[in-house]
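Good morning, and thank you for making room for me on the agenda. I would like to walk slowly through one protein with you, beginning with the whole and ending with a few single residues.

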Amino acid sequence: MSAAQPFDHREPRDHTLDACFLGPYGENDALLEKLLVEFLRDHVYWRRNFHPEDPPAIATSSAHHPDYLAFESRMRRELHQLSASLKKSVPFHSPRYIGHMASDLLLPGLAAQMLTLPYNPNNVSEDAAPVTVDMEVQAGLQLARMLGYPHDPAQDACAFGHLTSGGTLANYQALRLALALKAFPVALRAAQVPELALPADDWAAFNLSHADGIALLQAWQHWLAAQSPAERSRWLQRVEDERIEQRGLAGFFAAHPQLRVPLVLAPVTAHYSWSKGLKLLGLGRNQLELLPTASMRLDPAALRDTLERCARERQPVLMCVAVLGGTEYGTIDPIDAVLAARRESRQRGLDFAVHVDAAWGGYLATLFRHEDGSLRTRDEVAADYTQFPTPAVHAAFAALGDTDSVTVDPHKLGYLPYGSGAFICRDHRAMALLAERADYVFHAATPAGYLARYRSLGQFIPEGSKSGAAAAAVYVTHKVLPLDHVHFGRLPRATVRAAETFHARAQRFALELAGCVHALVPFAPDSNLVCLALNPHGNTSVATANTFVRALHDELRCDPQQPLQLKEFFGSVTSLRPEMLGPAQTTRILGALGLDPASFVPGDDCLLILRHTLMNPYLIDHENGISYIDRYFDFLGRRMRSLCSVASIAT
């Protein structure tokens with residue numbers, strides 16, 4: 001992204017985007033108010049017409065009683081105080097906010113969530129949420145279509161997805177499912193189930209492919225259905241006693257000494273939720289092996305070397321994680337190369353799940369989808385941009401449909417309220433291995449049929465109680481803005497174009513301030529997240545450069561002790577570490593900034609850099625001829641000259 005689309009305030013407006021948000025200035029307040037009043041009244045009419053013969057339980061005269069009025073007064077006082085306190089919140093809605101992964105909320109999702117809240121559905125089962133539990137299952141299918149997964153419930157191998165509180169829990173669900181599917185063939189061997197074509201030994205059983213593992217699960221279910229009720233019960237218990245979910249990790253691996261506890265492979269850029277997930281699952285943090293990267297993208301050569309070593313040492317691998325839009329640098333891993341490495345590894349008898357952590361970049365997939373769900377060519381996508389997508393980025397998105405599971409966060413690039421994460425697996429049939437029973441919630445046997453089965457959603461997900469209002473927000477938003485480039489894709493298109501503009505402006509900025517600071521975009525952005533590394537001119541110390549960036553960040557971070565209006569812009573920071581970069585990238589970046597690698601301080605061996613999340617679709621305001629990107633760099637220039645001047649006086 002070395003050049004940018006020219007800024008032209010005469011460019012035609014996208015009036016669909018105009019209606020999507022409340023707006024930086026609250027421009028659509030009348031629309032939101034109209035929607036809320038209309039559907040609040042509709043909810044009240046629903047209550048009144050449920051059994052109209054029932055008299056009102058609250059007397060009209062109650063509103064005039066002193067106790068009633070006192071309660072109302074206390075409630076109003078606390079709500080006013082809450083409202084006043086919330087004015088100190090971070091202004092995510094403003095194009096002056098370019099910090100973390102948050103922006104304004106889409107009106108259809110905001111209104112749908114607020115509309116649903118008074119009904120208070122609990123998506124644990126259809127008993128508690130007869131409407132929104134179905135919406136959650138449908139939202140999973142909507143996301144599956146966006147990713148290129150099979151999404152027709154009539155197909156045996158249809159995908160399945162559900163919502164979570166966030167990407168962390170979705171990643172945990174991916175680990176649970178992968179381990180259950182890996183260990184189940186081993187349990188069948190231990191139970192000595194007859195008439196099934198079982199693998200020759202535990203190593204082969206643990207290394208069945210995802211498809212072969214599901215086929216064996218299906219064969220077991222068919223064989224079991226043919227048994228008498230008594231035999232069915234006996235064999236169910238016999239296999240259950242051998243499962244990893246019953247024995248626990250220690251008991252399972254003690255019973256199968258051929259097997260070692262499996263590794264999870266992930267790039268060093270992986271989110272910290274993977275460490276948390278391995279701890280929660282009981283596998284342990286030591287089983288997470290972090291792989292080197294090339295320019296903060298997973299290095300396929302390092303992955304292949306690791307897999308060769310694991311096959312040689314007979315070290316099982318549970319999963320390889322690829323990141324689609326890292327939360328620190330926005331880079332996109334070569335998912336196609338990860339899948340190719342797995343195909344090679346299978347020839348050595350080592351297989352594993354491939355999961356994509358697309359918590360940040362998942363909704364960028366809308367840019368790659370036609371309205372009918374088919375994949376767009378790179379040339380078709382690239383027509384709207386200067387350099388996006390690179391061939392590598394297009395290949396990564398094209399490969400999504402061949403992975404096993406994906407994490408997506410609707411509350412990030414889906415512009416929906418917290419907390420709405422999502423887990424999607426390519427083949428729903430494996431989910432049977434996660435099913436729980438609770439007679440007071442889930443009735444009788446698992447019902448036949450895709451949609452009927454997942455109306456007892458709590459059987460399959462990590463949570464118990466969960467908000468149906470969040471499901472309504474996601475489902476309705478996807479109906480209003482279908483997940484393709486023509487509809488929802490308008491949002492990421494605007495922000496990727498802004499990232500191209502930002503990158504080009506950063507390069508000009510580096511030239512303009514060459515006598516004051518060294519400025520560098522360390523990695524060309526793959527998405528709409530751009531970092532900027534800075535070092536005062538003439539300085540060679542990493543510690544001094546970090547002090548400089550900290551001082552700058554103090555002017556960009558939220559400070560609840562000060563009025564928000566004192567801040568011109570809001571930004572965030574992250575760090576670059578030599579062990580993550582590797583020697584070549586460390587030398588390149590420090591050299592371009594004029595920094596001495598030997599100046600890293602022990603215990604603080606990182607370089608702080610500014611991190612910009614360009615989510616707001618109004619960063620370039622064509623209506624008023626304003627580029628907030630230009631304004632931001634003007635602000636940076638003023639502050640840097642001031643900081644450099646202070647540093648010069650001090651020395």
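Before anything else we need one definition, namely that a residue is called buried when its relative accessible area is under 20%, exposed when that value is over 50%, and partly exposed in between. With that in hand, take E195, which has a relative accessible area of 71% and therefore counts as exposed. E195 sits in the loop between helix 6 and helix 7, the latter covering residues 202-206, and its phi is positive, near 70 degrees, although the residue is not a glycine. As general background, most residues other than glycine have a negative phi, and most peptide bonds are trans. I will come back to both halves of that statement.

Let me step back to the whole, and please keep in mind that this is a predicted model. The average pLDDT is 92, and 95% of the residues reach at least 70. Over residues 438-443, however, the pLDDT is below 50, and this stretch has 11 contacts in the model beyond its near neighbours in sequence. Residues 1-6 also stay under 50, and for them the model has 25 contacts beyond four places in sequence.

The protein contains 22 helices and 15 strands. Its radius of gyration is 27 Å, close to the 26 Å that the globule rule gives for 651 residues, so the protein is as compact as a globular protein of that length. If you lay the C-alpha trace along its principal axes, it spans about 85 × 80 × 45 Å. Of the 651 residues, 53% count as buried, and among the contacts with a separation of 6 or more, 75% are between residues 24 or more positions apart. The exposed surface comes to about 28,400 Å², of which carbon and sulfur atoms supply 54%. As for charge, there are 60 positive and 69 negative charges, and their mean positions lie 3 Å apart.

Now to one element, helix 11, which covers residues 273-281 and has S273, W274, S275, G277, L278 and L281 as its buried residues. What do these buried residues of helix 11 pack against? Their partners include two helices, helix 6 and helix 10, and four strands, namely strands 2, 3, 6 and 7. Just after helix 11 comes G282, whose phi is positive, near 90 degrees.

One of those partners, strand 2, contains P267. P267 has 0% relative accessibility, so this residue counts as buried. Setting aside neighbours within four places in sequence, P267 is in contact with L290, L291, T293, L298, V321, V323 and D333. For T293, the C-alpha atom lies 6.4 Å from that of P267, while the two residues are 26 apart along the chain.

For a second buried residue, look at W235 in helix 9, which runs over residues 229-242; its relative accessible area is 6%, which is why W235 counts as buried. Beyond its neighbours within four places in sequence, W235 is in contact with A191, Q192, V193, P194, W220, W223 and L224. By contrast, the C-alpha atoms of W235 and L82, which are 153 residues apart along the chain, are separated by 58 Å.

A loop residue can be buried too, as N207 shows: N207 lies in the loop between helix 7 and helix 8, and its relative accessible area is 9%. N207 touches K182, G349, L350 and D351, not counting residues up to four places away in sequence.

Finally, let me return to the backbone. R314, in the loop between helix 12 and strand 6, has a positive phi near 50 degrees and is likewise a residue other than glycine; at 38% relative accessibility, R314 counts as partly exposed. Where are the cis peptide bonds that I have picked out for today? One joins F388 and P389, with omega about -10 degrees, and P389 lies in the loop between helix 14 and helix 15. Another runs from Y418 to G419, with omega near -15 degrees, and G419 is in the loop between strand 8 and strand 9.

Thank you for listening, and I am happy to go back to any of these places on the screen.

Methods: Residues are numbered from 1 along each chain as its sequence is written. This is a predicted model: local features need pLDDT of at least 70, side-chain atom pairs count only at pLDDT 80 or more; totals for chains, interfaces and linings use all residues. Side-chain values use heavy atoms; hydrogens and water are left out. The radius of gyration is taken over C-alpha atoms; the globule rule is 2.2 Å times the number of residues to the power 0.38. Buried means under 20% relative accessible area, exposed over 50%, partly exposed in between (1.4 Å probe, protein chains only). Contact means heavy atoms within 4.5 Å. Accessible areas come from the Shrake-Rupley method with a 1.4 Å probe; for residues, only the protein chains shown count as cover. Lys and Arg count as positive and Asp and Glu as negative; His and the chain ends are not counted. The place of a charge is taken as NZ of Lys, CZ of Arg, CG of Asp or CD of Glu. pLDDT is the predictor's confidence in each residue, from 0 to 100.
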